[in-house]
Amino acid sequence: MRIKQLGVYVGLLLLGGSVGIWGSRYLVQSPQTQQTQNPTVIPASLKPFSFGSGSSQQNNLNFIAQAAQKVGPAVVRIDATRQVPDEAGEAMENPFFRRFFGNEMPIPKEHLERGTGSGFIVSSDGQLLTNAHVVDGTKEVKVTLKDGQVYRGQVLGTDPMTDVAVVKIDATNLPTVEIGNGQQLQPGEWAIAIGNPLGLDNTVTVGIISALGRSSSEVGVPDKRVRFIQTDAAINPGNSGGPLLNAQGEVIGINTAIRADAQGLGFAIPIETAQRVADQLLLKGKADHPYLGIHMVTLNPELQKELNQDQQLGFKVTQTKGVLVVRVINDSPAQKAGLKPGDIILKVGGKPVGKAVEVQEQVEASTIGDRLVVEIIRNNQPKTLTVLPGTFPANQAE
C-alpha cells in the first residue's frame with residue numbers, strides 16, 4: 001500500500017515539474033509578444049474631447065475648462081474714459097460760495113471717469129459686442145485681447161433700451177465666439193461666464209441657468225426692454241459685456257446686470273435680442289423700438305381695490321385681472337388709434353396677454369408703421385382697435 005502511494009506522489013511531482021518547466025519556458029520566450037499586444041493607455045487628461053458627449057463627461061473630463069479654452073481668446077477687456085460733470089465745480093459757481101473763495105480758485109467743470117468692462121469678438125475682422133453702459137459717453141475705447149494685444153476701438157452704436165453696444169477694432173484673423181440658441185435653454189442647465197471682474201482678466205465662473213424670461217422690472221431696470229436670463233454664475237463689476245456660455249461653449253447671452261441687494265443673482269441679455277439690436281446698430285448706428293404710448297399695469301384684486309380708492313383716477317376698474325391702461329400719452333400712436341385710460345387689453349397682434357410685460361413684448365415684436373390689432377374691454381364691452389406703432393421717442397415710457 002505504501003509503495004503504491006509513493007508511486008502516486010512521484011507521478012504528481014513529475015507532472016507538476018513538467019508543467020512548471022513548460023510554463024517557465026513560455027514566460028522566458030514570449031515577453032515581447034505580450035508587450036506588443038497590450039493596448040496603448042492614454043491619460044484621461046489627454047484623451048480627445050467632444051462637446052456634448054456623455055461618455056466624455058463620464059470620464060471626468062472638465063467641459064468647463066474646454067469651454068474656457070475655446071472662447072477665452074475671443075473675450076476682450078474694454079477700458080473706457082468719459083468726461084463727467086463735476087458737481088463740486090457746479091456748486092462753486094454759486095455766488096454764495098464765490099463770496100468766500102473769490103475768483104482766485106479755479107473751478108473744475110468736469111473730470112475724467114474710467115471704467116472697465118468686457119466684450120467678445122463676433123467677427124474675425126474686429127466686430128465686438130458689449131453692454132451700452134460699458135461704453136456710454138465715449139466714442140473710442142481701449143480693447144485688450146487675451147494675448148495682450150491692444151487696439152483702439154470705435155463705438156459704432158449703442159442702444160440704452162437693451163443695453164447692447166457694438167465696437168469695431170481694426171484687425172483681421174481674430175478669434176471669434178460661436179453663437180448658441182438661447183430659445184432652447186432650460187432652467188438647471190450649466191452656465192459659464194467669462195469676463196474681467198474687478199480688473200482680473202479672463203476670469204471664468206460657473207453655475208446654472210436659474211430662470212428664464214425675467215422682466216426688466218423684476219431685475220430692477222424698468223427702463224429696459226429685455227427678458228433676462230437669470231444665472232447664479234458669479235457676475236461682478238467688470239463682467240458686464242462678457243459672454244454667458246452653455247456647456248458646449250456657445251454664447252447664449254451677454255452678462256449685464258447684478259442685484260446689489262442679493263448674492264448669487266446675475267442676469268444676461270439673450271443672444272437673440274443682442275443680435276437683433278446689433279444688426280440695427282451696424283446698419284444705421286441706432287436701434288428703433290416700436291412704441292404705442294401708454295402707461296399700463298397688471299391687475300389683481302388688491303390693485304383693483306386700491307385704484308378704485310383713488311379719487312383722481314377718473315374711471316372705475318371693473319376687472320380683477322388683465323392689463324389696465326392707466327394713461328395715454330398725448331399725440332401718441334395709442335391716442336390716435338383711440339385707446340383710452342380704463343381700457344383693459346386682452347390681445348395684442350392676435351395673442352392673449354395677461355401681464356403688462358406681455359403687451360410690451362408683443363409691441364416690441366411688431367413693425368414700426370405696420371397695423372397692430374389690439375383687442376380691449378371698455379365699459380364691459382369688447383372692442384377692437386388698430387394701432388400703427390411709432391418709433392420710441394426719447395424720455396418716454398411704454
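Strands, like helices, are taken here as DSSP runs and numbered from the N terminus. In this predicted model, strand E6 covers residues 164-169 and includes Val166. Val166 has a relative accessible area of 2%, and because buried means under 20%, Val166 counts as buried. A partner from elsewhere in the sequence can be found for this residue: Ala132 is 34 residues away along the chain, yet the C-alpha atoms of Val166 and Ala132 are separated by 8.2 Å.

A second pair of this kind involves a loop. Ser240 sits in the stretch that joins strand E9 (228-231) to strand E10 (243-245). Although it belongs to a loop, Ser240 is buried, since its relative accessible area is 13% and the cut-off for burial is 20%. Asn255 follows 15 residues along the chain from Ser240, and 5.3 Å separates the two C-alpha atoms.

The surface offers a contrasting view. Trp190, Val206 and Ile208 together make a nonpolar patch of about 240 Å². One of these residues, Ile208, is placed in strand E8, which runs over residues 203-214. With a relative accessible area of 32%, Ile208 is partly exposed; this value therefore passes the 30% that a residue must exceed to be part of a patch.

Strand E8 also leads to the next feature, the second largest pocket. The volume of this pocket is about 440 Å³. Its lining is made of 18 residues, and those nearest the centre are Gln183, Arg227, Pro270, Thr273 and Glu361. Two or more lining residues come from each of E8, helix H9 (271-284) and helix H12 (356-364). In character the lining is evenly divided, with six nonpolar, six polar and six charged residues.

Helix H12 deserves a closer look, as it supplies four residues, the largest share of the pocket lining. This helix is mostly covered, with seven of its nine residues buried. The buried set consists of Ala356, Val357, Val359, Gln360, Gln362, Val363 and Glu364. Valine is thus joined in this set by residues of other kinds, including Gln360, Gln362 and Glu364. Taken together, H12 is a helix that is mostly covered and that also gives four residues to the lining of the second largest pocket.

Terms used: Residues are numbered from 1 along each chain as its sequence is written. This is a predicted model: local features need pLDDT of at least 70, side-chain atom pairs count only at pLDDT 80 or more; totals for chains, interfaces and linings use all residues. Side-chain values use heavy atoms; hydrogens and water are left out. Patches are made of residues with over 30% relative accessible area and no salt bridge: like charges are joined within 9 Å, nonpolar side chains (Val, Leu, Ile, Met, Phe, Trp, Tyr) within 5 Å. Accessible areas come from the Shrake-Rupley method with a 1.4 Å probe; for residues, only the protein chains shown count as cover. A salt bridge is a side-chain nitrogen of Lys or Arg within 4 Å of a carboxyl oxygen of Asp or Glu. Buried means under 20% relative accessible area, exposed over 50%, partly exposed in between (1.4 Å probe, protein chains only). On a 1 Å grid over the protein atoms alone, a cavity is a set of points where a 1.4 Å probe fits but cannot get out, and a pocket is an open set with protein on both sides within 12 Å along at least five of seven lines; lining residues have an atom within 4 Å of a point. Grid points are joined across faces, edges and corners, and a volume is the space filled by probe spheres set on the points. Ala, Val, Leu, Ile, Met, Phe, Trp, Tyr, Cys and Pro count as nonpolar, Asp, Glu, Lys and Arg as charged, and the others, Gly among them, as polar.
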